[in-house]
Amino acid sequence: MELPSVGLGTMEIDDPDAVATALDVGYRHLDTARIYDNEAVVGEGLAARSTGDGGVAGERIDRDDVTVATKLWIDDLAADAVAPAARESADRLGVDAIDLLYVHRPRGDYDPEATLSALDRLVDAGPVRNVGVSNFEIPDLDRAIDVLGRPPAAHQTELHPLFYRPALLDHAREHGYPVVAYSPLAGGRVREVDAVVEVADAHGTTPEAVAIAWATAKEPVVAIPKASSEEHLRANLAAADLELTDAEVAAIDAVEREEELFPE
Ligand SMILES: NC(=O)c1ccc[n+]([C@@H]2O[C@H](COP(=O)([O-])OP(=O)(O)OC[C@H]3O[C@@H](n4cnc5c(N)ncnc54)[C@H](OP(=O)(O)O)[C@@H]3O)[C@@H](O)[C@H]2O)c1
């Protein structure tokens, strides 16, 4: 899949205006999940800009220019549960088709053969455009590639200066699929990481911008920071253009403190 370097993470966003503002300032990838309980909010924000007269600028956004991504939770992964759950997500989002539907975690009712085959049938039938996976380890990814007969459309995984997973990036490069870095700001904790703060000071920018630039400089990574204010939304989108030196990237790669925010 072609995904923009920076998309919008929407976990905990409960105001459609934040989603609409993100679209106004240029976001074209919206990430939600059934478990966030806000698919309808995301759908409302999208509809506010893709139907009628469109946004504050009066320009209507083409729905097809936006990648709408959501995830099936671990109790929606049995073969006969996948199709109804996907349909319910699409209805809550108010879209005919979900552009990218992920297995949220390979846990609970997940069975590689049954779950992924059921998801693949939805691609053929139309309500899902692409099948992604999230929180997979390399053996899970290899099994998924075997079952699908192709790589996942994307792998969404936790990735930030306090949780760097180079082996997962190598695997993605080898098989040719994008990695979507979630919690790229470590939920705000990048401000506490000396190596990130030093690079930010050198560029006269924020640790958040450096964390996004660090992640998106890595092939084949895109990031989905969550932000609710227009100021943060704009700053995060612009951060992908910040160029770090090889030495700066290496200094952040070498951070030894490790904190996984979302262990299983
Ligand atoms: N697949 C999975 O299992 C999984 C798990 C976790 C998350 N995710 C996805 O990843 C997305 C992002 O992760 P996340 O929400 O955990 O955390 P995050 O993006 O790492 O950090 C979000 C926090 O940083 C703040 N922030 C954003 N931009 C900022 C800026 N420019 N300057 C200062 N602070 C800023 C936000 O505040 P404001 O809101 O006030 O701007 C919010 O408190 C989620 O929304 C979700 O879509 C996926």
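Which residue in S6 is the bridge partner of Ser 134? I looked this up in the model, which is predicted. The bridge partner of Ser 134 is Gln 156.

**Entry: S5 and S6.** I then checked how strand S5 (residues 131–134) and S6 run, and found them parallel, joined by 2 bridges. Next I followed the chain between the two strands. From S5 it passes through helix H5 (residues 138–148) before reaching S6, and I noted this β-α-β crossover as right-handed.

**Entry: side chains of S6.** Strand S6 covers residues 155–158. I asked which way its residues point and whether they are buried or exposed. His 155 and Thr 157 point one way, whereas Gln 156 and Glu 158 point the other way. I recorded all of these residues as buried. Gln 156, the partner of Ser 134, is therefore under 20% relative accessible area.

**Entry: S6 and S7.** I moved on to strand S7 (residues 179–182), which pairs with S6 in the parallel sense over 4 bridges. His 155 has Val 179 as its bridge partner in S7. I also traced the connection here: S6, helix H6 (residues 166–175) and S7 form a right-handed β-α-β unit.

**Entry: the whole sheet.** I listed the strand order as S1-S2-S3-S4-S5-S6-S7-S8, an open sheet of 8 strands with parallel pairing. At the edges I found strand S1 (8–9) and strand S8 (221–223). Each has a single partner strand, so one side of each has no neighbour in the sheet.

**Entry: the ligand.** How many residues surround the ligand? I have 25 in my notes, and the closest are Asp 31, Ser 183, Lys 226, Ser 228 and His 232.

I looked up three polar contacts to oxygen atoms of the ligand.

- For Met 11, a polar backbone atom is 2.9 Å from a ligand oxygen atom.
- For Asn 135, a polar side-chain atom lies 2.9 Å from an oxygen atom of the ligand.
- For His 232, an N or O atom in the side chain is 2.7 Å from a ligand oxygen atom.

Last, I checked the cover. On its own the ligand has 910 Å² of accessible area, and the protein covers 86% of it.

Key
Residues numbered from 1 in each chain as written. Predicted model: local features only at pLDDT ≥ 70, side-chain atom pairs only at ≥ 80, totals over all residues. Heavy atoms only, no water. Buried < 20%, exposed > 50% of the residue type's maximum accessible area, 1.4 Å probe, protein only. Pairing = 2+ DSSP bridges. Right-handed = clockwise from strand over helix to strand, strands pointing away. Near = heavy atom within 4 Å. Polar contact = N/O pair within 3.5 Å; in protein donor to acceptor, adjacent residues only side chain to side chain. Areas by Shrake-Rupley, 256 points an atom, 1.4 Å probe, with all protein chains shown as cover.
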